[in-house]
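Let's take a walk through this structure together, starting with its aromatic rings and working outwards to the overall fold. Keep the 3D view open as you read.

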Amino acid sequence: MPEVPHELLQQLIDLVDELREKTEGFLEQAGDQQLWYDRGYANGMLLALRDLGQAELLGERRPDDPGELGAHFAMAWGKAYRHGETMGSRETHEITGNQMQ
C-alpha cells in the first residue's frame, strides 16, 4: 500500500469535515438528492480512509449509522446517498494511489 502524504490526508479530512458540516440535518431533508449525495460522498471518504489504515487521523469522526438510513435507501435520495458513498470511496482510493479492495 503506497504511503499517503500527510498533507493530502489532511486535505481529505478537511473535505470530509466541510461536507459533513454542509449536510448536517440531512435526515430531515428527505428529497434533497444533492444534499444526500454529498453526505454519502463524505461517508464514503471516511470509510475509505479507515480502510486505508488512517483511523487514528480520523479522531472522533465516525461513519453514518446504516440503521438510521436503511428505510431511505429505497427512495431516490437514499440511492443518491449510496451513489455518493461509492464515488467518495472510489475517488479517495484513486487520489491516494490505492486500489479498492
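**Rings, helices and the whole chain**

Counting ring pairs gives 5 aromatic pairs in this structure. One of them joins Phe26 and Trp36 in an edge-to-face arrangement, with 4.8 Å from centre to centre and 75° between the planes. This pair links distant parts of the chain: Phe26 lies in the loop between α1 (6-22) and α2 (33-51), while Trp36 belongs to helix α2, 10 residues apart from its partner. Both Phe26 and Trp36 are buried. Please bear in mind as you look around that this is a predicted model.

Another aromatic pair is made by Tyr37 and Tyr41, and this one is tilted, with the ring centres 6.2 Å apart and 40° between the planes. Why are these two tyrosines about one helical turn from each other? The reason is that they are 4 residues apart in helix α2. An α-helix has 3.6 residues a turn, so residues three or four places apart point the same way. In terms of cover, Tyr37 is partly exposed, because its relative accessible area is 22% and the cut-off for buried is under 20%. Tyr41, at 14% relative accessibility, counts as buried.

Now return to Phe26 and Trp36, which form one aromatic cluster with Phe73 and Tyr81. Phe73 also has a charged neighbour: the charged end of Arg82 sits over its ring, 3.9 Å from the ring centre.

Another arginine to find is Arg39, which is in helix α2. Is Arg39 buried or exposed? It is buried, since its relative accessible area is 10%, and the limit for that class is under 20%. Leaving aside residues up to four places away in sequence, Arg39 touches Arg20, Thr23, Glu24, Phe26, Asp64 and Tyr81. Two of these names will be familiar, as Phe26 and Tyr81 are also members of the aromatic cluster.

Let's look at helix α2 as a whole. It has 19 residues and reaches 26 Å from its first C-alpha to its last, close to the 27 Å expected at 1.5 Å a residue. After α2 comes Gly53, whose phi is positive, near 80°. Leu52 is placed in the loop between α2 and α3 (55-58). With a relative accessibility of 8%, Leu52 counts as buried. If you follow the chain from Leu52 to Thr96, you pass along a separation of 44 residues, yet their C-alpha atoms are separated by 9.1 Å in space.

Thr96 brings us to helix α5, which covers residues 76-96. How does its span agree with what its 21 residues should give at 1.5 Å a residue? The expected span is 30 Å and the end C-alpha atoms are 30 Å apart, so the two agree. The buried residues of α5 include Trp77, Tyr81, Glu85, Met87, His93 and Thr96, along with several glycines, among them Gly78, Gly84 and Gly88. What covers the buried residues of this helix includes α1, α2 and α4 (66-69). Just after α5, Gly97 takes a positive phi of about 75°.

A further link across the sequence involves His6 in helix α1. His6 is partly exposed, with a relative accessible area of 47%. His6 and Leu57 are 51 residues apart in sequence, and their C-alpha atoms are 9.6 Å apart in space.

Finally, step back to see the protein chain as a whole. It has 5 helices and 0 strands, and from the N terminus on its elements run α-α-α-α-α. Among contacts between residues at least 6 apart in sequence, 67% join residues at least 24 apart. The C-alpha atoms fill a box of roughly 40 × 25 × 20 Å along the principal axes. A compact globule of 101 residues would have a radius of gyration near 13 Å, and the chain has 13 Å, so the value agrees with that expectation. Of the 101 residues, 43% count as buried. The chain exposes about 6000 Å², and carbon and sulfur atoms supply 49% of that area.

Conventions. Residues numbered from 1 in each chain as written. Predicted model: local features only at pLDDT ≥ 70, side-chain atom pairs only at ≥ 80, totals over all residues. Heavy atoms only, no water. Phe/Tyr/Trp six-rings, centres within 6.5 Å; stacked < 30°, edge-to-face > 60°. Buried < 20%, exposed > 50% of the residue type's maximum accessible area, 1.4 Å probe, protein only. Lys NZ or Arg CZ within 6 Å of the ring centre and 35° of its normal. Contact = heavy atoms within 4.5 Å. Expected span 1.5 Å × (residues − 1). Rg over C-alpha atoms; globule rule 2.2 N^0.38 Å. Areas by Shrake-Rupley, 256 points an atom, 1.4 Å probe, with all protein chains shown as cover.
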